[in-house]
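Me: I am new to this structure and would like to learn how to read its features. Could you walk me through them, one at a time?

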Amino acid sequence: MCINIMRKEDKYELTLKEAEAVLENEENTISIMATLVALLKQNFDSIYWIGFYIVDNGVLKIGPYQGTIGCLTIEPSRGVCGRAYTKGLTQIVDDVHKDPQHIACDPKSNSEIVVPVFNYQDQIIAVLDIDSEIFGNFDEIDQLYLERLINSSFKTRH
């Protein structure tokens with residue numbers, strides 16, 4: 001079946017299986033991040049920009065990503081990424097132009113989901129930032145599966 005006509009849930013199930021197979025014995029954080037970015041970008045046409053921001057000395061620094069140039073550094077007090085980092089909770093924004101905290105790195109982005117990445121010690125080590133040109137593109141299904149993907153990829157590794 002062509003991935004473009006699959007249900008969202010089925011695309012995520014496929015992505016989870018692919019990630020599990022590819023990352024089975026991988027311990028390198030950057031390799032894991034790069035692989036997840038590639039799998040999600042490959043499996044979801046609605047993703048315009050996707051990448052990780054890695055916690056580095058209290059700020060978020062750009063990590064592996066695909067799409068246009070991203071912001072290189074994000075202060076914890078700024079943006080949807082900063083909010084996800086400081087609150088430790090996934091953030092879904094249906095219209096980024098109506099969110100006063102949104103940082104406009106690219107005007108083509110219209111909706112966004114940001115998922116905090118916890119390690120096995122329950123420390124936030126990064127956030128996964130995904131943008132779409134489609135307004136209201138992300139919902140609870142995305143949150144559920146992305147949190148599951150992140151947890152299985154990072155929390156279980158030492």
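Reply: Gladly! Let's start at the end of a helix: H3 is followed by Gly88, whose phi is positive, near 70°. Keep in mind throughout that this is a predicted model.

Me: Which residues other than glycine have a positive phi?

Reply: Asn57 is one of them, with a phi near 55°. Asn57 sits in the loop between S1 and S2, and it counts as exposed because its relative accessibility is 77%. Asp122 is another case, with a positive phi of about 60°. Asp122 belongs to the loop between S5 and S6 and is partly exposed, at a relative accessible area of 49%.

Me: Back to H3, then. Is this helix mostly covered or mostly open?

Reply: Mostly covered: seven of the nine residues in H3 are buried. They are Gly79, Val80, Cys81, Gly82, Arg83, Ala84 and Tyr85.

Me: What covers the buried residues of H3?

Reply: Strands feature in the answer. The cover includes S1, strand S2 (59-66), strand S3 (73-74), strand S4 (91-93), strand S5 (111-118) and S6.

Me: Arg83 is on that list of buried residues. Which side chain does Arg83 join through a polar contact?

Reply: The partner is Asp99, and the polar contact between the two side chains is 2.7 Å. Asp99 lies in the loop between S4 and S5. With a relative accessibility of 13%, Asp99 falls under the 20% cut-off, so it counts as buried. Leaving aside residues up to four places away in sequence, Asp99 touches Val80, Arg83 and Val93.

Me: And Lys98, is that residue buried or exposed?

Reply: Lys98 is also in the loop between S4 and S5, but it counts as exposed because its relative accessibility is 69%, over the 50% cut-off. Here is a distance you can check in the view: the C-alpha atoms of Lys98 and Asn110 are 9.6 Å apart, with their positions twelve residues apart along the chain.

Me: How do I look for empty space inside a protein?

Reply: The general idea is to roll a probe the size of a water molecule over the atoms, which shows where empty space is left. In this structure, a search of the whole model finds one cavity of 30 Å³ or more. The largest cavity holds about 160 Å³ of space. It is lined by 19 residues, and those closest to its centre are Ile103, Cys105, Glu112, Asp129 and Asp131.

Me: Which elements supply at least two residues each to that cavity lining?

Reply: Strand S1 (49-56), helix H3 (79-87) and strand S6 (124-132) each do so. H3 gives the largest share of the lining, three residues. By class, the lining of the largest cavity has ten nonpolar, five polar and four charged residues.

Me: What about the largest pocket, and what is its volume?

Reply: The largest pocket has a volume of about 180 Å³. Twelve residues line it, and Leu16, Lys17, Ala19, Glu20 and Ser152 are the closest to its centre. Helix H1 (8-22) and helix H4 (140-155) are the elements that give two or more residues to this lining, and H1 gives the most, with five. In the pocket lining, six residues are charged, four nonpolar and two polar.

Me: Now for aromatic rings. How should I describe a pair?

Reply: A pair of aromatic rings is described by the distance of the centres and the angle of the planes. This structure holds five aromatic pairs. In one of them, Tyr12 and Phe44 are tilted, at 4.5 Å centre to centre with 40° between the planes. Tyr12 is in helix H1 and Phe44 in the loop between helix H2 (29-43) and S1, so this pair links distant parts of the chain, 32 residues apart.

Me: Are these two rings buried or exposed?

Reply: Both count as buried: Tyr12 has a relative accessibility of 4%, and Phe44 has a relative accessible area of 6%. Tyr12 also pairs with Tyr145: the ring centres are 5.2 Å apart and the planes meet at 5°, so this pair is stacked. Because Tyr12 lies in helix H1 and Tyr145 in helix H4, the pair ties together parts 133 residues apart in sequence. Tyr145 is buried, like Tyr12.

Me: What do the ring pairs of Tyr12, Phe44 and Tyr145 form together?

Reply: They link the three residues into a cluster.

Notes:
Residues numbered from 1 in each chain as written. Predicted model: local features only at pLDDT ≥ 70, side-chain atom pairs only at ≥ 80, totals over all residues. Heavy atoms only, no water. 1 Å grid on protein atoms, 1.4 Å probe; cavity = no way out; pocket = protein on both sides within 12 Å on 5 of 7 lines; lining within 4 Å. Points joined across faces, edges and corners; volume = space filled by probe spheres on them. Helix = DSSP H or I, 4+ residues; strand = E, 2+ residues; numbered from the N terminus. Nonpolar A, V, L, I, M, F, W, Y, C, P; charged D, E, K, R; others polar. Buried < 20%, exposed > 50% of the residue type's maximum accessible area, 1.4 Å probe, protein only. Contact = heavy atoms within 4.5 Å. Phe/Tyr/Trp six-rings, centres within 6.5 Å; stacked < 30°, edge-to-face > 60°. Polar contact = N/O pair within 3.5 Å; in protein donor to acceptor, adjacent residues only side chain to side chain.
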